[in-house]
Amino acid sequence: MTTSLSGGFDRSPIDFYPNRSFGAFLFDMDGTVLNSIAVAERVWTAWALRHNVDVESLLATVHGRKAVETISRLGLPGVDPAEEMRLLTLAEIADVAGIEPIAGAGRFLEALPRDRWAIVTSAPRDLAVVRLKAAGLPLPPLLIAGEDVENGKPAPDCFLSAAERLAQPIEECLVFEDAPAGIEAAETAGAAVMVISATHRTLLQTQHPSVASYDDLVTDITHAGSLRISEKRR
């Protein structure tokens with residue numbers, strides 16, 4: 001028998017991971033629990049135009065990655081990636097227009113046991129806090145931000161760090177992600193993956209379970225304290 005966190009009355013959910021429970025849930029932030037695409041694209045577009053970088057190509061690569069790594073890969077002469085990241089972060093902190101939660105995310109997060117979840121983001125900590133507050137989402141019990149790891153996504157470091165801090169084996173964690181870089185990081189770490197597709201403009205080819213929002217999800221807590229995940233039947 002389990003205790004439902006869904007708040008609904010559906011008795012017949014579809015199991016995403018049948019006969020499997022998890023020690024912790026690890027959530028990416030942008031595109032996964034909140035939608036910040038509008039502000040990110042405004043700020044990055046302005047930056048690209050200042051540096052004569054192709055906007056469309058740049059926007060296709062920035063999501064889910066640390067800004068300093070994105071800038072470094074461009075190899076622009078005379079550009080200090082650390083300073084540019086600082087300026088980008090300040091611009092993003094100052095612009096919260098249009099930031100909103102992914103449907104159902106607030107309810108879903110607030111229902112989880114406080115010692116069983118974390119936000120794991122490539123964004124700097126100050127920016128992450130500003131965006132979570134702007135979206136009206138609860139601040140996490142554990143926040144792994146961009147500056148907390150040397151190697152950002154798609155390296156697995158951030159998810160491995162979160163699992164260690166929560167005292168859970170990474171193999172018993174479920175990662176919620178939206179971006180290819182984050183999905184690759186979770187796979188490399190050895191975690192299970194749930195893809196949130198709310199902000200996807202095109203179909204993402206993935207082997208992992210995918211849902212549009214948290215309104216589609218049911219989480220249960222087993223008597224042993226583990227977490228199970230399933231989809232509401234329509």
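1. Where is the place of aspartate 178? In this predicted model, aspartate 178 sits in the loop that runs between strand E8 (173-177) and helix H8 (180-189). The points below begin with this residue and then turn to the salt bridges, the aromatic rings and the nonpolar cores.

2. The surroundings of aspartate 178 deserve attention. The residue is buried yet has no salt bridge. Its nearest side chain of opposite charge is that of lysine 153, 6.9 Å away, whereas a salt bridge requires a nitrogen within 4 Å of a carboxyl oxygen. A polar contact of 3.1 Å does, however, join the side chain of aspartate 178 to that of threonine 32. Leaving out residues up to four places away in sequence, aspartate 178 touches Asp28, Asp30, Gly31 and Thr32, and also Ile196, Thr199, His200 and Leu204.

3. Lysine 153 has a salt-bridge partner in glutamate 177, with an N to O distance of 2.8 Å. This pair links distant parts of the chain: lysine 153 belongs to the loop between strand E7 (143-144) and helix H7 (157-165), glutamate 177 belongs to strand E8, and 24 residues separate them. Both lysine 153 and glutamate 177 are buried. Through shared partners, salt bridges join Asp28, Lys153 and Glu177 into one network. Asp28 is also among the residues that aspartate 178 touches.

4. How many salt bridges does the structure hold? The total is 7. One of them is formed by arginine 86 and glutamate 83, whose closest N and O atoms are 2.8 Å apart. These two residues are separated by about one helical turn, because they stand 3 residues apart in helix H4 (residues 81-94). Arginine 86 is partly exposed, at a relative accessible area of 42%, and glutamate 83 is likewise classed as partly exposed, at 30%.

5. Another salt bridge connects arginine 131 with glutamate 92, the closest N and O atoms being 3.1 Å apart. Arginine 131 is in helix H6 (residues 125-134) and glutamate 92 is in helix H4, so this salt bridge ties together parts that are 39 residues apart in sequence. Arginine 131 counts as buried because its relative accessible area, 3%, is under 20%. Glutamate 92 is buried as well, with a value of 8%.

6. A further acidic residue to examine is glutamate 41, which is placed in helix H1. Is glutamate 41 buried or exposed? Its relative accessible area is 16%, so it falls under the 20% limit and counts as buried. Apart from neighbours within four places in sequence, glutamate 41 is in contact with Leu59, His63 and Arg201.

7. The aromatic residues form 13 pairs. Phenylalanine 25 and phenylalanine 27 make an edge-to-face pair, with 6.3 Å from centre to centre and 85° between the planes. Phenylalanine 25 is buried, at 0% relative accessible area, and phenylalanine 27 is also buried, at 0%. Phenylalanine 108 and phenylalanine 176 make another edge-to-face pair, at 5.9 Å and 65°. Here the pair links distant parts of the chain, since phenylalanine 108 lies in helix H5 (residues 105-110) and phenylalanine 176 in strand E8, 68 residues apart. Phenylalanine 108 is buried, at 3%, as is phenylalanine 176, at 0%.

8. Ring pairs also build a cluster, which links Tyr17, Phe22, Phe25, Phe27, Phe108, Trp117, Phe176 and Tyr214. Several of these names return in the description of the nonpolar core. In soluble globular proteins, nonpolar side chains tend to be buried together.

9. Which residues have the most contacts inside the largest nonpolar core? They are Phe25, Phe27, Val33, Phe176, Tyr214 and Ile229, in a core of 46 residues. Helix H1 (residues 37-50) gives the most to this core, contributing 5 residues.

10. Isoleucine 229 illustrates the packing around one of these core residues. Neighbours within four places in sequence aside, its contacts are Asp15, Phe16, Tyr17, Phe22, Phe25, Phe108, Leu174, Phe176, Met194, Leu217, Val218 and Thr219. Apart from the largest core lies another core, of 22 residues, including Val149, Cys158, Ala163 and Val195.

Methods
Residues numbered from 1 in each chain as written. Predicted model: local features only at pLDDT ≥ 70, side-chain atom pairs only at ≥ 80, totals over all residues. Heavy atoms only, no water. Core = buried A, V, L, I, M, F, W, Y, C linked by side-chain atoms within 4.5 Å. Buried < 20%, exposed > 50% of the residue type's maximum accessible area, 1.4 Å probe, protein only. Helix = DSSP H or I, 4+ residues; strand = E, 2+ residues; numbered from the N terminus. Contact = heavy atoms within 4.5 Å. Lys, Arg positive; Asp, Glu negative; His and termini not counted. Polar contact = N/O pair within 3.5 Å; in protein donor to acceptor, adjacent residues only side chain to side chain. Phe/Tyr/Trp six-rings, centres within 6.5 Å; stacked < 30°, edge-to-face > 60°.
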